[in-house]
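Open the model in your viewer and keep the sequence panel beside it. The tour below says what to select at each stop and what is there.

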Amino acid sequence: MPGVTLLVMLLLIGIIARSNLIAMAACVLLIIKLANLNFIFPLLEKRGLELGLLFLLLSILVPVATGRINEREMLYNLTSLPGLLALFGGALATHLNGEGLKLLQLQPEIIFGLMLGSIFGIVFLGGVPVGPLMAAGITALFMELATWFRH
């Protein structure tokens, strides 16, 4: 069955990297594949990222909903140096994530390099694996810089 070996490898990478998200994603995809529920794949491919981002945003906005962050604090933080840097950082990260998404759509096979790089970052740099999108964005930036320096 095509894809099963690669999904098992991703599962092992997730376990080795202590990334429950990678391991769970590989398990879910393996179950879908082995249960012959292939009609789910196009739906996941088309709407999965949006659903994941929705839950990410929900978790980030809980302090606003619970009142732990009020309007005055938000306004102050938007006009302070850390707030202005956060605006710039958010814009840059969003741009890089978009470039990473394009890269992953054009070259999905690059995911293994991203996963191995994440393991390296966890084991040797004390990093936290938060997802392949930013890693792909940084990779796209590096690829653009490499192309730029070649000319």
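Start with helix α3, residues 40-65, which supplies the largest share of a nonpolar surface patch, 7 residues. Helices here are DSSP runs of H or I with at least four residues, strands are runs of E with at least two, and both are numbered from the N terminus.

Before going further, note what is on screen. This is a predicted model, in which local features need pLDDT of at least 70 and side-chain atom pairs count only at pLDDT 80 or more, while totals for chains, interfaces and linings use all residues. Residues are numbered from 1 along each chain as its sequence is written, and side-chain values use heavy atoms, with hydrogens and water left out.

**Stop 1: the patch**

Select Leu49, Leu53, Leu56, Leu57, Ile60, Leu61, Val64, Ile69 and Met74; together they make a nonpolar surface patch of about 760 Å². A patch takes residues with over 30% relative accessible area and no salt bridge; nonpolar side chains (Val, Leu, Ile, Met, Phe, Trp, Tyr) are joined within 5 Å, and like charges within 9 Å. Accessible areas come from the Shrake-Rupley method with a 1.4 Å probe, and for residues only the protein chains shown count as cover.

Now pick out Ile60, which is in helix α3. Is Ile60 buried or exposed? Ile60 is exposed, at a relative accessible area of 51%. The cut-offs are under 20% relative accessible area for buried and over 50% for exposed, with partly exposed in between (1.4 Å probe, protein chains only).

**Stop 2: two salt bridges**

By the rule used here, the count is 2 salt bridges. The rule asks for a side-chain nitrogen of Lys or Arg within 4 Å of a carboxyl oxygen of Asp or Glu.

Stay on helix α3 and show the side chains of Arg47 and Glu50, which form a salt bridge with their closest N and O atoms 2.9 Å apart. The two residues are 3 apart in the helix, about one turn. Arg47 is partly exposed at 40% relative accessibility, and Glu50 is partly exposed at 46%.

Next go to helix α5 and select Lys102 and Glu99, whose side chains meet in a salt bridge of 3.1 Å, N to O. They too are 3 residues apart, about one helical turn. Lys102 is partly exposed with a relative accessible area of 46%, and Glu99 is partly exposed with 28%. An α-helix has 3.6 residues a turn, so residues three or four places apart point the same way.

**Stop 3: Leu104**

Remain on helix α5 and select Leu104. Leu104 is buried, with a relative accessible area of 17%. Which residues does Leu104 contact, leaving aside neighbours within four places in sequence? They are Ile110, Ile111, Leu114, Pro132, Leu133 and Ala136. Contact means heavy atoms within 4.5 Å. For a distance to try in the viewer, take the C-alpha atoms of Leu104 and Leu61: these residues are 43 apart along the chain, and the atoms are separated by 27 Å.

**Stop 4: helix α6**

Select α6, which has 15 residues and reaches 20 Å from its first C-alpha to its last, close to the 21 Å expected at 1.5 Å a residue. The expected span is 1.5 Å times one less than the number of residues. Colour Ile111, Phe112, Leu114, Met115, Ile119, Gly121 and Ile122, which are buried in α6. Their cover includes α1 (4-16), α2 (20-34), α5 and α7. After α6 comes Gly126, with a positive phi near 65 degrees.

**Stop 5: helix α7**

Select residues 132-150, helix α7: 19 residues, reaching 26 Å against an expected 27 Å. Within α7, Leu133, Ala136, Gly137, Thr139 and Ala140 are buried. They lie on the same side of α7 because they cover an arc of only 165 degrees around the axis (the arc of the directions from the helix axis to the C-beta atoms). On the other side, Phe142 and Phe149 are exposed. The buried residues of α7 pack against α3, α5 and α6.

**Last stop: the whole protein**

Zoom out. The protein has 7 helices and 0 strands, and its C-alpha trace spans about 55 × 50 × 30 Å along the principal axes. Of the 151 residues, 22% are buried. The protein exposes about 11,300 Å², and carbon and sulfur atoms supply 74% of that area.
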